[in-house]
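Hi there,

Here is the structure I promised to pass on. Have a look at it, and my notes follow below.

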Amino acid sequence: MNPRHRQAEASSDSPWREPGREPLHWLEIATLTHVGLLLLLGSWAFGGGTAWARQLISCWGSLGWLITLAVVLDRRRWRNGFLRPLRWLWPFAAFNALVLLSCLNPSFSERFFAGQSLLAHTGAAHPGLPSTAHPPTSLEHLWLFDAIYLSCFNLILVVRRRRALRALLVVACANAVLLSVFGTFQNLTSDGLYFGRMPSPNPRFFSTFVYANHWAAFVLLFIAACVGLIFYRTRHQPVNRLAGSPLAMGIVCLLLMAMTPMIGGSRSGTLLVMILLGGCVVHAFIRIVRQRRSLGESAMLPLSGLALCVLLAAGAAVYLGRATLRERWRDTQGQWQAGLTAERLKLYADTWHLAAERPFSGWGLGCYDKALLLVRPRPLEARRQYEHSYVDAHSDWLQSLAEVGFAGTILIGLCGLLPLQDLWAARHLGSLSAYLLAGCGLILLYAVVEFPFGNPAVVIAFWTCFFCAVRHGRRPGCPPGVESSSHASPMP
């Protein structure tokens, strides 16, 4: 057989073939639909802030395992070496083994006091092995983590067209805009979730999210995605032709999302949005100046228009959130006078002390509130007052060390670092991937002093944006896990 014919035949068997307008493979459609619905479910079901919502997210996310299995059983992908990203799952498998091993070695046992079921620290049967305070809780949290991570990992394992990833991000941004508008009107007209139909357990809520800081982390990721999509689009459309274009709609959507952390009263979320958009404005100014200079034209008009948009958005946010801003300012003064900062630092110290007692594997995934009782025991009286008890450490990094130790925390970190190495071989990252990773980086920074990853919707949004950034940042036509220099076929 002619070598050229053999090469063409091999190319036709490749699942990463890009012949123009070839329709998406059914596995790609299934993956995009599954992740999109997972994101919608997580965001509208109270951000996953209730027990039934978490279970529903876990059940739906578990369907991603079937997609992964279908990909693994596809012989063409093995034959052509397109399942190399599976090697990045070894930290994921090791983390599962660590948690499952801890569930076989519980360190707390159930006791009854005054008819109430309580957990008492009795020590693990094998002190040298990983253990957990409550195996059912650890298994529940592991199920949720696995369902979300593997579902989003399928984006890099299955989806071959960057255009499809951009479509998914557009749908996700549109959902975030809808939630923003919903939350803004809800904040102005009613008190309670879903326009007062459901009382919120937290007075600081926004849209469908029980906690405004979780909403701020969620919307920050899609503000970054929207900015990246806008900059990607400006590569193909001049800045002076925004009127009536998708770019104009994208800028309006961006402003609608950017106002919500301030309206919702999230101080830290407002600061993060300001940092992200500040960098975006500087980037836009530089790009406009370079483009206008290359054309020999003045950049004054587009720069003035951009500055006007920024001022209008800031003014609208301050006006709509003026009542919340005044209230949050009073809260800040009261918290400062009451010594809340010192109390938070004391909580961090207690969490670190807890982590230092079991530095390797921690006290069990999801068991921070149970293990903290060893450091901050609660009184047994039914009507206790003035206690400083916490369910979360208000620092995801410290809480991870306390729950799964340094071993588990490093393994979770490798779940992101190993796929990220796929971008190191790419010569040009691109604006979209850069802004997606910038949003993810801000969330990781935010997790030092808050607990955004305690919200399933934020976790779904984080891994969706992360894997879209990794896959979209590769050279067009290059499968993940393969050196880009050997693949040059165009990817739409």
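How many disulfides does a search of the whole structure find? The search finds zero, where a disulfide is a pair of cysteine sulfur atoms within 2.5 Å. For C173, the closest cysteine sulfur is in C226, and at 5.1 Å from the sulfur of C173 that is too far for a bond. C173 is buried, with a relative accessible area of 7% (buried means under 20%, exposed over 50% and partly exposed in between, with a 1.4 Å probe and protein chains only). C415 is buried too, at a relative accessible area of 0%.

A word on the basis: this is a predicted model, so local features need pLDDT of at least 70 and side-chain atom pairs count only at pLDDT 80 or more, while totals for chains, interfaces and linings use all residues. Residues are numbered from 1 along each chain as its sequence is written, and side-chain values use heavy atoms, leaving out hydrogens and water.

Now the overall picture. The chain has 20 helices and two strands (DSSP runs numbered from the N terminus: helices are H or I with at least four residues, strands are E with at least two). Of its 492 residues, 50% count as buried. Among contacts (heavy atoms within 4.5 Å) with a separation of 6 or more, 75% are between residues 24 or more positions apart. The chain exposes about 23700 Å², and carbon and sulfur atoms supply 66% of that area (Shrake-Rupley method with a 1.4 Å probe; for residues, only the protein chains shown count as cover).

One spot to visit is L354, in helix α16 (residues 340-357). L354 is buried, with a relative accessible area of 1%. Not counting residues up to four places away in sequence, L354 touches W363, Y368, A371, L372, V375 and A402. The C-alpha atoms of L354 and L372 are 7.2 Å apart, with the two positions 18 residues apart in sequence numbering. W363 sits in the loop between α16 and α17 (368-371) and is buried, at 4% relative accessible area. W363 and L401 are 38 residues apart in sequence and 9.0 Å apart in space, C-alpha to C-alpha.

On the surface, W397, L444, L445, V448 and V449 make a nonpolar patch of about 450 Å². V448 lies in the loop between α19 (431-446) and α20 (456-472) and is partly exposed, with a relative accessible area of 40%. Patches are made of residues with over 30% relative accessible area and no salt bridge, joining like charges within 9 Å and nonpolar side chains (Val, Leu, Ile, Met, Phe, Trp, Tyr) within 5 Å; a salt bridge is a side-chain nitrogen of Lys or Arg within 4 Å of a carboxyl oxygen of Asp or Glu.

Best wishes
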